[in-house]
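Dear colleague,

I am passing on the structure we spoke about, with the sequence alongside, and would be glad if you could look through it before reading my notes.

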Amino acid sequence: MKITELFEKDKLSLSFEVFPPKTDSAFDSVKEATEEIARLSPAFMSVTYGAGGGTSQYTLDIARNIRERYSVPTVAHLTCVSSTKETVAARIREIHAAGIQNIMALRGDIPQDRQNDDRSRWDYRHAYELVRELKESGYDFCIGGACYPESHPESENQTEDIRHLKEKVDAGCDFLTTQMFFDNNLLYRFLYRIREAGISVPVIPGIMPITDKKQIERALKLSGSFMPRRFLDLVDKFGEKPAAMKQAGIAYATDQILDLFAAGINNIHVYTMNKPDIAKRILANLSDILEA
Ligand code: FAD
């Protein structure tokens, strides 16, 4: 099923992101966790991709397993910046052969040791090149792209970032998923700006429940997101009490989801960090609303 077919329903629908194992020995436990999440029947699940290609096979293995065993629509992530045209073409064929209809087309982060390369020699420099290639592949994929309510860290300013986002969407994105954010007003302002810039594809907000103190540092490093005082106060109060911090983080994420739904945004993606209990508790908090 194509992700874009979900956007017609006037109901709250939650989807979940999982990541593949980084090592062979972690495969079984990750598979089990992703299966437990799939059994919750989310609207769809996305499976991330290792930028350096290290976990590339596992992305497909996990996505295929979820789709075949649990009939959950899946999105396979695919990055291009560290790859050759041949490798990417092979991955695209494999994703298609696995019956996966949705691809999140990403550039990926530029590895430290390639920061000073002559980029004109790379097969890919930006995600729009992969989007265009997928569009021209003849496979009829539903194509997603990443977007950044607080701008991509490499962008000089938001105007530039949105200009490049428009190019990426025009190259063939059918939908966009956002980077995590912790203040919904940033998302609303971003949506206003991209609509004004002529980007009209559906945008799925990505919500990251922060459930322990250490995770904040990691999340900030990854996304550079703004942490509202209201959230930092919760960390001050519960940071040293793991169970309470977890409950507070889940409540905060639930509140963000409710606010987005009340504002007319029905489809929301939750970064589960492969933790089934977080997915379960968010669903439990919203059980009647999901039925309404
Ligand atoms: P791009 O769209 O290429 O944008 C990157 C930067 O280049 C931006 O600053 C943009 O403004 C700029 N730019 C774009 N086009 C041009 C142009 N023509 N000229 C000049 N500048 C340009 N990473 C992974 O490794 N694996 C994953 O599975 C993964 N999943 C993700 C899912 C989501 C929803 C998000 C938000 C991010 C994900 N990432 C993942 C991280 C992502 O790979 C990084 O943020 C990466 O640095 C940028 O990828 P992109 O696809 O947004 O790149």
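What follows is a description of the ligand site, then of one residue beside it, and then of some of the strands.

Please keep in mind throughout that this is a predicted model.

**The ligand and its surroundings**

There are 25 residues around the ligand, and of these Tyr49, Asp109, Tyr148, Ser155 and Asp161 come nearest. By character, the residues of this shell divide into eight nonpolar, 11 polar and six charged. Several side chains place an N or O atom close to a ligand oxygen: for Asp161 the distance is 2.7 Å, for Ser155 it is 2.8 Å, and for His126 it is 3.4 Å. Taken on its own, the ligand has 970 Å² of accessible area, and the protein covers 85% of this. The elements that give two or more residues to the shell are β3 (74–79), α4, α5 (158–172) and β6 (175–180), and among these α5 gives the most, with four residues.

**His126**

His126, whose side chain has an N or O atom 3.4 Å from a ligand oxygen, is found in the loop between β4 (102–106) and α4 (127–135). Is this residue buried, partly exposed or exposed? Its relative accessible area is 42%, and because buried means under 20% and exposed over 50%, His126 counts as partly exposed. Leaving aside residues up to four places away in sequence, His126 touches Cys80 and Arg107. Arg107 is 19 residues from His126 along the chain, yet the C-alpha atoms of the two are separated by 5.4 Å.

**Strand β6 and its partner β5**

Strand β6, which is one of the elements that give two or more residues to the ligand shell, is mostly covered, with six of its six residues buried. Strand β5 (residues 142–147) runs parallel to β6 and is joined to it by four bridges; within this pairing, Cys147 stands opposite Thr178 of β6.

**Strand β8 and its partners**

Strand β8 (residues 267–271) is likewise mostly covered, and five of its five residues are buried. In a regular strand the side chains alternate between the two faces of the sheet. In β8 both faces are covered, with Asn267, His269 and Tyr271 buried on one side and Ile268 and Val270 buried on the other.

Two strands pair with β8 in the listing I have made here. Strand β1 (residues 13–18) runs parallel to β8 and is joined to it by five bridges, with Ser13 standing opposite Asn267. Strand β7 (residues 203–207) also pairs with β8 in the parallel sense, over two bridges, and here Gly206 has His269 as its bridge partner.

**Asn267**

Where does Asn267 lie, and which residues does it touch? Asn267 has its place in strand β8, and its relative accessibility is 11%; because buried means under 20% relative accessible area, Asn267 counts as buried. The side chains of Asn267 and Ser13 are joined by a polar contact of 2.9 Å, so that this pair, which stands opposite in the pairing of β1 with β8, is also linked through its side chains. Not counting residues up to four places away in sequence, Asn267 touches Leu6, Phe7, Ser13, Ile204 and Pro205.

With best wishes

Notes:
Residues are numbered from 1 along each chain as its sequence is written. This is a predicted model: local features need pLDDT of at least 70, side-chain atom pairs count only at pLDDT 80 or more; totals for chains, interfaces and linings use all residues. Side-chain values use heavy atoms; hydrogens and water are left out. Buried means under 20% relative accessible area, exposed over 50%, partly exposed in between (1.4 Å probe, protein chains only). Contact means heavy atoms within 4.5 Å. A residue is near a molecule or strand if one of its heavy atoms lies within 4 Å of it. A polar contact is a pair of N or O atoms within 3.5 Å; within protein, one must be able to donate a hydrogen and the other to accept it, and residues adjacent in sequence count only if both atoms are side-chain atoms. Accessible areas come from the Shrake-Rupley method with a 1.4 Å probe; for residues, only the protein chains shown count as cover. Ala, Val, Leu, Ile, Met, Phe, Trp, Tyr, Cys and Pro count as nonpolar, Asp, Glu, Lys and Arg as charged, and the others, Gly among them, as polar. Two strands pair if DSSP finds at least two bridges between them.
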